[in-house]
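New to this one? Take a look at the model first, and then we'll walk through a few of its features together.

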Amino acid sequence: MRQNSKLQAIALGVLFACSLATGYELEFSDADYSRQVCSGMWASQSTFINVTFDESSSQGQVAMVIYEWKDVKYLGVTTSTTDDSLPQKTYVCTTDAVRVGLCSYDNVGKFIFSSDDGTTANQTTFWTASVALNQTGGASSDSSGLWESPEGNPTPPADDHTSPWRSRDLHHSLRQSSDLLNPSPYGTVAYSQPIQYQVRKTGYYCAAIVPVTVLNPAVRQAPTDVPSHPTYNGVVLFRNTFDGQLPATDYPKVNFYLAMFLVYVIAGSAWAWLCYKHVTELLPIQYYLSSLVAFLVIEMIANWVYYRYLNAHGKTAASVVFLFVVAILDAGRNALSFFMLLVVSLGLSVVRESLGRTMLKCQILAGLHFIFGVLYAVGIVELELESTSALILLMFVIPLAFTLSGFLMWILYSLNGTIMQLSVRKQRYKLRMFKRLYYILLATVVVIAVFFVISSMSFSDRLAEDYAAKSWKIRWWLLDGYLALLYFFTFWSIAYLWRPTENNRRLAMSDEIAQEDEDAEDYDLETLQQRTVAREDDEITLVNSRREPEALAEDHVVFEIGDEDVGSDDEGETAAKKRRGGERRASGDKEDGADEERQGLMHKNRDE
């Protein structure tokens, strides 16, 4: 039984050690400009923050505080309301702060908690401690060197359990027995193992570490010696509710891209079924759309795998290579999308069967846009924006801007030309398709403009102290989420207009017949013949107007003009009857002549 309990204890220890290794880590040192590291956290009953110091390179004494950002107003106390030369706030309790009454002697070496509304530290997320690093002596000796009281320092009792100087082990026992989640320890804590802070509410948590200079009379050899400055290095681990090394602000991308992959697979399967069902009716534009659907499925799975890998292994050389692959796929998606939209706007497979040499120009523009997109993505990853010259940055941005502008201008020009051509030809069904395409693009532009304004308003406060605390939950949505969803709805709306149908090819290669009376004459054969004759007459008139008019021949007479005194209806009817009788006689004479000719030929054949 005892052996089994030992094995269980070892297994639990291994599991606990593994759990500590899976989390988002931020390094810190005494050389950092900022003494604070922060991160959002998705909380549960097993989430915590661990602060680990490198014992081989850390020594001295530091003041530590861990808190949730909503309680930052309680951190520090106003130094002075009259002297502007002093700092606005004093954050750490020092001997000078004790002398002016900003804090008490019991809090020397810790961060100051100050509340104007009566809130106590136990009612907040505030936790602070004075931590001694790499100390061989007791913690109480370090504490005594912080301030020499003029009246003499009190003599510590023989029993450590009744003393304000408490050991690390006593601090742990207090935490376990206290009803408080994270009680602040008394006195100075000698560091021996990672300091753990329990997190039970989702929020934006910060850990601040400030070196405290300690006067140690036992170490100083002369009055001219300078007190030693603490040096330290370490890691703050934020253990979220999920297992992995991604920061909390990026982890929603894992589930988001997985969901997008599944949605694209479902929509792509429906598209593949329509293509299979109407395989004999497929148009060239539908082949382009099918290839883009397959490419989008690959891109979504690549993004999901990339963030899964980053969550499991962190930032490594392999993750950088993976990032380049994702950037290349993203550039390919953009190039193919603009190419597809351009050939659709040019009317491929609907207005015209082939684009001829124009197709080659479209392919060249798409290839250049892909190359410049890859260079831009690589440059954003590799170049340091703070130190790189503006000329180098423009070399990566300007080519992509030119190809993008070329695509947009060409698409708008082609779409307007196609709509105008279909309107003149009165192809109402096809015209309705391209007008819907225009409305889809217009709605996309409006949505982009609205989100651009919202994003600009959000990022305009990026230098504010509380910007990260307010935006860490939605930052991924502003950067990646809404653009991916907007592209999804725009693409599948366009694909629905050009989906495969059973009469797709006949519809694409045929013209619409008029369905209304005012348009019927555009397709009437007699009307078209009259328009042709009128056009020929106009051409003859234009030619004859350049030379002397010729006398009209007898067979050119169009109207027969009668005598001037002919005006009665009877005379008109008589004249009409004579003309019809003459036409019948002429017709009868021609028929008789034809009969006699046939009879003569028949007799001739008999004689022979």
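## Salt bridges and a strand

Let's begin with a charged pair: Asp250 and Lys253 make a salt bridge, with their closest N and O atoms 3.6 Å apart. Asp250 is partly exposed, at 23% relative accessible area, while Lys253 counts as buried, at 8%. Keep in mind as you look around that this is a predicted model.

How many salt bridges does the structure hold? There are 5. Here are three of them, including the one you've just met:

| Acidic residue | Basic residue | Closest N and O atoms |
|---|---|---|
| Asp243 | Arg239 | 2.8 Å |
| Asp250 | Lys253 | 3.6 Å |
| Asp330 | Arg333 | 2.7 Å |

In the pair Asp243 and Arg239, which partner is buried and which is exposed? Asp243 is the exposed one, because its relative accessible area is 53% and the cut-off for exposed is over 50%. Arg239 is buried, with just 9%.

Asp330 and Arg333 both sit in helix H7 (residues 317–345), and because they are 3 residues apart there, about one helical turn separates them. Asp330 counts as partly exposed at 30% relative accessibility, whereas Arg333 counts as buried at 13%. This pair also has company: Glu299 joins Asp330 and Arg333 in a network of salt bridges.

Now for strand E11, which covers residues 233–239. Of its 7 residues, 5 are buried, so the strand is mostly covered. Which strands pair with E11? Strand E1 (residues 24–29) does, in the antiparallel sense and over 6 bridges. Strand E3 (residues 47–53) also runs antiparallel to E11 and is joined to it by 6 bridges. A handy spot to find in the viewer is Val235 in E11: Glu27 stands opposite it, and so does Thr52.

Elsewhere, there's a nonpolar patch on the surface, about 550 Å² in area, made by Tyr438, Tyr439, Leu442, Val446, Val450 and Ile454. One of these, Tyr439, lies in helix H10 (residues 428–459). Tyr439 counts as exposed, at 51% relative accessibility.

Finally, how confident is the predictor? The mean pLDDT of the protein is 74, with 66% of its residues reaching 70 or more. Some stretches fare poorly, though. Over residues 541–572 pLDDT stays under 50, and the model has 3 contacts beyond four places in sequence for them. Residues 600–608 also stay under 50, with 0 such contacts.

Technical notes:
Residues are numbered from 1 along each chain as its sequence is written. This is a predicted model: local features need pLDDT of at least 70, side-chain atom pairs count only at pLDDT 80 or more; totals for chains, interfaces and linings use all residues. Side-chain values use heavy atoms; hydrogens and water are left out. Buried means under 20% relative accessible area, exposed over 50%, partly exposed in between (1.4 Å probe, protein chains only). Helices (H or I, at least four residues) and strands (E, at least two) are DSSP runs, numbered from the N terminus. Two strands pair if DSSP finds at least two bridges between them. Patches are made of residues with over 30% relative accessible area and no salt bridge: like charges are joined within 9 Å, nonpolar side chains (Val, Leu, Ile, Met, Phe, Trp, Tyr) within 5 Å. Accessible areas come from the Shrake-Rupley method with a 1.4 Å probe; for residues, only the protein chains shown count as cover. A salt bridge is a side-chain nitrogen of Lys or Arg within 4 Å of a carboxyl oxygen of Asp or Glu. pLDDT is the predictor's confidence in each residue, from 0 to 100. Contact means heavy atoms within 4.5 Å.
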